[in-house]
Amino acid sequence: MKMLYNTKQAVLFEGGNPGYNYEVLINKRYNFAEGVEILSKIDWDFKDFTTQYLTHTFHSYPARFIPQIPLTFIKLFTDEREVILDPFCGCGTTLVESFLNNRNSIGNDFNPLAALISKVKTTLIEDTQFRYFNRKLAVMKRYLDLDYRRVNEKINDLPNRKISAIFSRTVISKLEAIRETLLEVKEEGYDELFDFGRVALSSTIWSCNLSALCKCTGLLQSSHV
Ligand SMILES: C[S@@+](CC[C@H](N)C(=O)[O-])C[C@H]1O[C@@H](n2cnc3c(N)ncnc32)[C@H](O)[C@@H]1O
């Protein structure tokens, strides 16, 4: 497997090295009882640690772990190539850390969005596929602003008509153009890109709704929105 970052987790400790002791601690080999002892030596605040890196940045999700929590347990209690099960995997933090540390993993979640995000965050996509995807998006972009009147004719055929209560027609037409492009990507056999695109679209809609909500409730300063 291609390593995405070095085994000393260098990317975790950008800007100084707050994690040096932590890094030394978790990278030694322990038996189970010693591993349990180490748990009490760890400062679980992980203050000043980088927690958003690689695919951990994909998509918001409620009540996520910071990556260092599953990472600690993975390092202390499992060996490379062992299998880690997260039965309530949410958006896949444990699965990503398992992947980055050469462990196999199985995730389960009854929320289909959680399962999709987890899958996308742990799937490698080849550069050639991204080049294809960029070309597809460039074509789509040209039509995004031109075609919104078409939505008036199509609104009754959209998969979820309640969407018109949330978004303006202009926005729906842009979303529809993105959805149609993603369906073409799937039809053309790029299932992994289709899933990646769906997660990106969901993430965008999620953050737009959140900022609209925050604006309404005055939680954010207007300069931040
Ligand atoms: C707090 S989130 C886990 C977040 C995860 N630790 C992370 O960092 O992404 C808990 C998850 O448990 C899932 N869940 C709760 N009850 C479940 C059940 N009975 N079967 C499967 N998943 C369940 C929820 O859908 C939710 O995604």
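Colleague: Strand S1, residues 83-86. Which side chains point to which face?

Modeller: They alternate. Ile84 and Asp86 point to one face and are buried. Val83 and Leu85 point to the other and are not buried. Keep in mind that this is a predicted model.

Colleague: How many bridges join S1 to S2, and how do the two strands run?

Modeller: Four bridges, and the strands run parallel. S2 covers residues 104-107.

Colleague: How does the chain cross from S1 to S2?

Modeller: Through helix H4, residues 93-100. That makes a β-α-β crossover, and it is right-handed.

Colleague: What stands opposite Ile84 in S2? And opposite Val83?

Modeller: Ser105 stands opposite Ile84. Val83 has Asn104 opposite.

Colleague: Which residues of S2 are on its covered face, and which on the uncovered one?

Modeller: Ser105 and Gly107 are on the covered face. Asn104 and Ile106 are on the uncovered one. Set that beside the pairs: buried Ile84 stands opposite Ser105, which is on the covered face of S2. Val83, which is not buried, stands opposite Asn104, and Asn104 is on the uncovered face.

Colleague: Zooming out. How many helices and strands in the protein chain?

Modeller: Ten helices and two strands. The order from the N terminus is α-α-α-β-α-β-α-α-α-α-α-α.

Colleague: What share of the residues counts as buried?

Modeller: 23% of the 225 residues. As for contacts, take those between residues at least 6 apart in sequence. Of these, 55% join residues at least 24 apart.

Colleague: Now H3. Why call it largely enclosed?

Modeller: Because seven of its ten residues are buried. The helix spans residues 68-77. The buried ones are Gln68, Pro70, Leu71, Thr72, Ile74, Lys75 and Leu76.

Colleague: What covers them?

Modeller: The cover includes helix H1 (20-26), helix H2 (32-39), S1 and H4.

Colleague: Glu34 is in H2, right next door in my view. How far is it from Leu76 in sequence and in space?

Modeller: They are 42 residues apart in sequence. In space it is 8.8 Å, C-alpha to C-alpha. Glu34 does lie in helix H2.

Colleague: Is Glu34 buried or exposed?

Modeller: Exposed, because it has 11 other C-beta atoms within 10 Å and the cut-off for exposed is 12 or fewer. Leu76, in H3, is buried.

Colleague: Switching to the loop between H2 and H3. Which residue there has a phi near 45°?

Modeller: Leu54 sits in that loop. Its phi is near 45°, a positive value in a residue other than glycine. Most residues other than glycine have a negative phi. Leu54 is partly exposed, with 14 other C-beta atoms within 10 Å.

Colleague: And Ala63, what is its phi?

Modeller: Positive, about 55°, although Ala63 is not a glycine. Ala63 lies in the loop between H2 and H3. It counts as exposed, with 6 C-beta neighbours inside 10 Å.

Colleague: Ligand next. Which residues come nearest?

Modeller: Ala63, Arg64, Phe88, Gly90 and Thr93, out of 14 around the ligand. So the Ala63 we just discussed is in that group.

Colleague: How does the shell split by class?

Modeller: Seven nonpolar, five polar and two charged residues.

Colleague: Last stop, H9. How far does it reach, against what is expected?

Modeller: H9 reaches 26 Å from its first C-alpha to its last. That is close to the 27 Å expected at 1.5 Å a residue. It has 19 residues, 169-187.

Colleague: Which of its residues are buried?

Modeller: Ile172, Ser173, Glu176, Ala177, Ile178, Thr181, Leu182 and Val185. On the general pattern, an α-helix has 3.6 residues a turn, so residues three or four places apart point the same way.

Colleague: Take Leu182. Why does it count as buried?

Modeller: Because it has 21 C-beta neighbours inside 10 Å, and the cut-off for buried is 20 or more.

Colleague: What does Leu182 touch, leaving out residues up to four places away in sequence?

Modeller: Phe194, Gly197 and Arg198. Phe194 is twelve residues from Leu182 along the chain, and their C-alpha atoms are separated by 5.7 Å.

Colleague: And what follows H9?

Modeller: Gly189, with a positive phi near 95°.

Technical notes: Residues numbered from 1 in each chain as written. Predicted model: local features only at pLDDT ≥ 70, side-chain atom pairs only at ≥ 80, totals over all residues. Near = placed C-beta within 6 Å. Nonpolar A, V, L, I, M, F, W, Y, C, P; charged D, E, K, R; others polar. Pairing = 2+ DSSP bridges. Right-handed = clockwise from strand over helix to strand, strands pointing away. Expected span 1.5 Å × (residues − 1). Contact = placed C-beta atoms within 7 Å.
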